[in-house]
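Let's take a walk through a protein model together. Have the sequence and the 3D view ready, and follow along as we go.

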Amino acid sequence: MDASQNLGPVILLGPPGAGKGTQAKRISEQYGIPQISTGDILRDNVQRGTELGVQAKAIMGRGELVPDVLVCDMVACRLRDADCARGFILDGFPRTATQAGWLDAFFESELFDNSSAGKRLPIVIRIDVDYNQLVKRLTGRRTCLANGHIYNVYFQPPRVEGICDVDGSPLIIRNDDREEVIRKRLLEYDLQTKPVAEYYEHKGRLASVNGDLDIGEVTGQIFWVVEHRDGNCL
Ligand code: AMP
């Protein structure tokens, strides 16, 4: 697969802490398509105090899901940007059965209509991780205040405690990485997002990878899935 080809949508599913963000960045670098993280876009809106950010802030702080209509409108805007024409990676979306249905309708109706390469079916990959491992990854996660570089006090500590190796800025615990909120986020995943994987499984589109392995091995599995996709267009 060369970097000029039309890859189409890549959807990464998996619980919070599965490594979707890390793997999405690697797919983005490998294939030259943008990573679209709904969590990042929402956090950016909260930080800038936009209307969406004001509506989402308290909901996110409780570890609950932002209403479908707000998130779907936000994703629609982003997917219409020119850099998505050859494909994109969705990280953290869809997260409910309603969002998954909306996304399919969106792909049918407008996405890539102007692309000479035609529409591509999404590649859907779920990253599976053991529950206890997830809790450790999330409670240990520290995020650099300046640029979002990610560490983990158990698995990937910074050289100096509490300080980012790359830019020397302080490392913080994300508001929703506190233990009580983590339990809630994992519960939301079980209730709302597991059915999304089932939705794609019924359509014969779900591939799963073992996210308990080393980061590089998980990346290898994901690239394999991408390279061996069915080449069908919609
Ligand atoms: P994440 O960084 O993907 O774990 O997302 C952080 C928070 O943003 C979640 O706990 C939700 O409150 C919100 N969020 C992110 N993506 C979505 C989505 N697709 N639907 C609803 N809420 C979302």
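## A glycine to start with

Is G39 buried or exposed? Before you decide, keep in mind that what you're looking at is a predicted model. G39 has a relative accessible area of 18%, and buried means under 20%, so G39 counts as buried.

You'll find G39 in helix α2. Now look for A105, which sits 66 residues away from G39 in sequence. In space, the two are 22 Å apart, going from C-alpha to C-alpha.

## A salt bridge inside one helix

Stay with helix α2, which covers residues 38-48. Which residue does D44 pair up with in a salt bridge? The partner is R48, and the closest N and O atoms of the pair are 3.0 Å apart.

D44 and R48 are four residues apart, or about one turn of the helix. Here's a handy bit of background: an α-helix has 3.6 residues a turn, so residues three or four places apart point the same way. As for their surroundings, D44 is partly exposed at 34% relative accessible area, while R48 is exposed at 54%.

## A salt bridge across the sequence

That pair is part of a bigger set, as the structure holds 16 salt bridges. Another one joins D104 to R205, with 3.6 Å between the closest N and O atoms. D104 belongs to helix α5 (residues 97-109) and R205 to the loop between α7 and β8 (206-210), so this pair ties together parts that are 101 residues apart in sequence.

Both ends of this bridge are tucked away. D104 is buried, with 12% relative accessible area, and R205 is buried too, at 18%.

## Getting to know α7

Next up is helix α7, made of 24 residues (179-202). How far does α7 reach from its first C-alpha to its last? The span is 34 Å, close to the 34 Å expected at 1.5 Å a residue. Still, α7 has a kink of about 40 degrees, centred on D190.

Several residues of α7 are buried, among them V181, I182, L186, Y189 and V196. That list also takes in R185 and E188. Once you're past the end of the helix, look for G204, which has a positive phi, near 70 degrees.

## A network of charges

Let's go back to R185 for a moment. What does R185 form a salt bridge with? The answer is D176, where the closest N and O atoms are 4.0 Å apart. R185 is buried at 9% relative accessibility, and D176 is buried at 11%. These two aren't on their own: salt bridges that share partners link R141, R174, D176, D177 and R185 into one network.

D176 itself lies in the loop between β7 and α7. Its side chain also makes a polar contact with the side chain of R174, at 2.9 Å.

## A nonpolar patch on the outside

Finally, turn the model to find V153, Y154 and F155. These three form a nonpolar patch on the surface. Together they have about 300 Å² of accessible area.

Where does V153 sit? It's in the loop between β6 (150-152) and β7 (171-172). With 38% relative accessibility, V153 counts as partly exposed.

How values were computed
Residues numbered from 1 in each chain as written. Predicted model: local features only at pLDDT ≥ 70, side-chain atom pairs only at ≥ 80, totals over all residues. Heavy atoms only, no water. Helix = DSSP H or I, 4+ residues; strand = E, 2+ residues; numbered from the N terminus. Expected span 1.5 Å × (residues − 1). Bend = angle between axes of the 7 residues up to and from the residue. Buried < 20%, exposed > 50% of the residue type's maximum accessible area, 1.4 Å probe, protein only. Patch = residues over 30% accessible without salt bridge, like charges linked within 9 Å, V, L, I, M, F, W, Y side chains within 5 Å. Areas by Shrake-Rupley, 256 points an atom, 1.4 Å probe, with all protein chains shown as cover. Salt bridge = Lys/Arg side-chain N within 4 Å of Asp/Glu carboxyl O. Polar contact = N/O pair within 3.5 Å; in protein donor to acceptor, adjacent residues only side chain to side chain.
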